[in-house]
Amino acid sequence: MSPKLWRKAVPGEPDVELFTSRADFDAALAQFATPGRVAVVMTMGALHEGHASLIRAARARVGAKGVVTVTVFVNPLQFGAGEDLDRYPRTLDADLEVAAAAGADIVFAPPVEEVYRGGEPRVRMTAGDMGERYEGASRPGHFDGVLTVVAKLLHLTRPDVAFFGEKDAQQLAVIRRMVLDLDFPVEIVGAPTVREIDGLALSSRNRYLSPQERTTALALSRALFAGRDAGRDAGRDAAAVRSAARAVLDEAASLQPPLDLDYLALVDPLDFTEVPDDHTGEAVLAVAAKVGSTRLIDNVRLWFGAA
């Protein structure tokens, strides 16, 4: 067995143990998880406060006797041609500090050859029609890659509960559907989006933005909040929500640098189909756009009809 590495967190906080091999991780999990429950937070690294909030929620759910595993794996299957796989930030030392301070017990950070032992997998999960809309239309095959690695990591980490951020709302929807359709014995929990004080949703890709690009990027959250407020003022009318959000995004298209809108959608959170103007119940107002070379997504959850 390869040696296990330790990283010290902030003084006074607990340590977190790092594993990069499946064999070492499996042996450690068997020891840690008896008799407590197991939670997992799956990440691609470059951890920020949004990830930390997921880890804290996981710790609260399983308690002091449970085990919280954080996976750090930049999954090549979910990156398309011309996307940012090579430049995606890899900051493992800093990630260990964040994970430990937030309450994780284990960080599992395997290399690609440990996850895909036979090379690029020829058999994969598919997101079906849910994976062909919005993010899936802009990034063909993306959700098939997401589901394939999530399925593998669920098998490897064997959690009772898995935490994902609501910022990736379509990802959360397809993962929940996979777990339902294929009877995975795990509870999927979505945690609210964490934002900067100015409203920008936390993302590992925010570090790519120049100061001017970041100013433009604020139009995403401003559009969502405008839509949310317009719906509230107009008696929760879906058409008013779309119109108010679109107005903010149209104005941002003339900024320097401009906001290049991919989509604005008001969708059912269960299957990501567009909702009608007379929709009642929960909906997600979702937006995706590029600022410079950086693609960003964001969303807010809304309720239509009687509260």
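So, the area buried between domain 1 and domain 2: that comes out at about 1600 Å², and carbon and sulfur atoms give 49% of that. Keep in mind that this is a predicted model. I'm quoting area here because the size of an interface is often given as the accessible area lost when the parts come together.

Where do the two domains sit along the chain? Domain 1 is 4–191 and domain 2 is 206–304. Their centres, taken over C-alpha atoms, are 27 Å apart. How many residues does each one put into the contact? Domain 1 brings 19 and domain 2 brings 20. On the domain 1 side, the residues that lose the most area to domain 2 are Arg87, Tyr134 and Glu135, and together they make up 36% of what that side buries.

Now, charges. The rule finds 2 salt bridges across the interface of domain 1 and domain 2. If you want a salt bridge to click on, try Glu166 and Arg301: their side chains meet at 3.5 Å, N to O.

Hang on to Tyr134 for a second, since we just had it in the interface. Tyr134 sits in the loop between helix H4 (112–115) and helix H5 (135–138), and it has a positive phi of about 50° even though it isn't a glycine. Arg158 does this too, again with a positive phi of about 50° and again not a glycine. You'll find Arg158 in the loop between helix H6 (142–157) and strand S6 (161–165).

While we're on backbone oddities, which peptide bond is cis? The one joining Gln256 and Pro257, with omega about 0°. Pro257 is in the loop between helix H9 (238–252) and strand S8 (259–267). I'm pointing these out because most residues other than glycine have a negative phi, and most peptide bonds are trans.

Okay, holes. How many cavities of 30 Å³ or more turn up in a search of the whole structure? Just 1, and its volume is about 60 Å³. Here's the lining: Lys167, Leu200, Ala201, Ser203, Asn206, Ala217, Leu220, Leu296, Ile297 and Asp298. By type, that's 6 nonpolar, 2 polar and 2 charged. Helix H8 (211–233) and strand S10 (294–304) each supply at least two of the lining residues, and S10 gives the most, with 3.

Last stop, the second largest pocket. This pocket has a volume of about 260 Å³. There are 17 residues lining it, and the closest to its centre are Val72, Phe73, Val74, Arg90 and Pro110. What's the mix in that lining? We get 13 nonpolar, 2 polar and 2 charged.

So if you're opening the model after this, here's my little tour. Start at the domain interface with Arg87, Tyr134 and Glu135. Then look at the salt bridge between Glu166 and Arg301, go on to the cis bond at Gln256 and Pro257, and finish in the second largest pocket around residues including Phe73 and Arg90. That's me done, over to you.

Notes
Residues are numbered from 1 along each chain as its sequence is written. This is a predicted model: local features need pLDDT of at least 70, side-chain atom pairs count only at pLDDT 80 or more; totals for chains, interfaces and linings use all residues. Side-chain values use heavy atoms; hydrogens and water are left out. On a 1 Å grid over the protein atoms alone, a cavity is a set of points where a 1.4 Å probe fits but cannot get out, and a pocket is an open set with protein on both sides within 12 Å along at least five of seven lines; lining residues have an atom within 4 Å of a point. Grid points are joined across faces, edges and corners, and a volume is the space filled by probe spheres set on the points. Helices (H or I, at least four residues) and strands (E, at least two) are DSSP runs, numbered from the N terminus. Ala, Val, Leu, Ile, Met, Phe, Trp, Tyr, Cys and Pro count as nonpolar, Asp, Glu, Lys and Arg as charged, and the others, Gly among them, as polar. Domain bounds come from an automatic or database domain assignment. Contact means heavy atoms within 4.5 Å. Buried area is the accessible area (1.4 Å probe) that two parts lose on being put together, summed over both. A salt bridge is a side-chain nitrogen of Lys or Arg within 4 Å of a carboxyl oxygen of Asp or Glu.
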